[in-house]
Amino acid sequence: CPSGPIEGILENIINGANDFIKIEVLKAMESLPAVNEGFLFTVFSRSDYPLKRAAFSVLARRDSTRQKALDALFAVQSFLGSGNRRLMESLTLVGELALEQEAFSYLEALSKRPFFWNSPVRQRAKGMLERLYARKH
């Protein structure tokens, strides 16, 4: 349930607005002291990339929801590479929000995926890990 009247109003706006307004409302939610995690995870799980990014950004900025959001982001079934497009979007999102350190275990696992059809995902994850190592040293 909403943590306050402002959040309730913002959720109502999201439910009836176009995508541009929804993204702006989600950006406004980043500054709220508390958010309705369930609502944000619903937006995150059911949206296209721009809305997913905005909802993920709110969730990833909070210590209490960051790991759960990363788990949801990388919970992609990819039989014979069928989920690679979503994994590439997830990697892009992590890079855009500079969450490579927080997503380290996922990046490491993805960088070791076997089989040729996983090559784009593997190479992107390796590149992100290399940039992370370069920043540390």
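Which residues of the largest nonpolar core touch the most other members? In this predicted model, the answer is Leu26, Met29, Phe56 and Phe74, out of 40 residues in that core. The contributions are spread along the chain: H1, H2, helix H3 (37-46), H4, H5, H6, H7 and H8 each give at least two residues. H4 gives the largest share, with seven residues.

Let me take Phe56 as one of those four. If we set aside the neighbours within four places in sequence, Phe56 is in contact with Phe44, Ala69, Leu70, Leu73, Leu93, Leu97 and Leu99.

Next, helix H6, which runs over residues 84-96. H6 has 13 residues, and the distance from its first C-alpha to its last is 18 Å, close to the 18 Å expected at 1.5 Å a residue. Which residues of H6 are buried? They are Asn84, Leu87, Met88, Ser90, Leu91, Leu93 and Val94. The cover over the buried residues of H6 includes helix H4 (49-60), H5, H7 and helix H8 (119-136). Leu93, then, is buried in H6 and is also one of the contacts of Phe56.

Now the loops on either side of H6. Ahead of H6, in the loop that follows helix H5 (63-73), sits Leu80. Leu80 is not a glycine, yet its phi is positive, about 55°. Just after H6 comes Ala98, also with a positive phi of about 55°. Again, this is not a glycine. Ala98 belongs to the loop between H6 and helix H7 (104-110). Is Ala98 buried, partly exposed or exposed? Its relative accessible area is 47%, so Ala98 counts as partly exposed, the band for that being between 20% and 50%.

Last, the surface. Ile9, Ile13, Phe20 and Ile21 make a nonpolar surface patch of about 370 Å². Helix H1 (5-16) and helix H2 (19-29) are the elements that give two or more residues to this patch. Phe20 is located in helix H2. Why does Phe20 count as exposed? Because its relative accessibility is 57%, and the cut-off for exposed is over 50%. H1 and H2 therefore appear twice in this talk: each supplies at least two residues of the core, and each gives two or more residues to the nonpolar patch, with exposed meaning over 50% and buried under 20% relative accessible area.

Conventions:
Residues are numbered from 1 along each chain as its sequence is written. This is a predicted model: local features need pLDDT of at least 70, side-chain atom pairs count only at pLDDT 80 or more; totals for chains, interfaces and linings use all residues. Side-chain values use heavy atoms; hydrogens and water are left out. Helices (H or I, at least four residues) and strands (E, at least two) are DSSP runs, numbered from the N terminus. Buried means under 20% relative accessible area, exposed over 50%, partly exposed in between (1.4 Å probe, protein chains only). The expected span of a helix is 1.5 Å times one less than its number of residues. Contact means heavy atoms within 4.5 Å. Patches are made of residues with over 30% relative accessible area and no salt bridge: like charges are joined within 9 Å, nonpolar side chains (Val, Leu, Ile, Met, Phe, Trp, Tyr) within 5 Å. Accessible areas come from the Shrake-Rupley method with a 1.4 Å probe; for residues, only the protein chains shown count as cover. A salt bridge is a side-chain nitrogen of Lys or Arg within 4 Å of a carboxyl oxygen of Asp or Glu. A nonpolar core is a set of buried Ala, Val, Leu, Ile, Met, Phe, Trp, Tyr and Cys residues joined through side-chain atoms within 4.5 Å.
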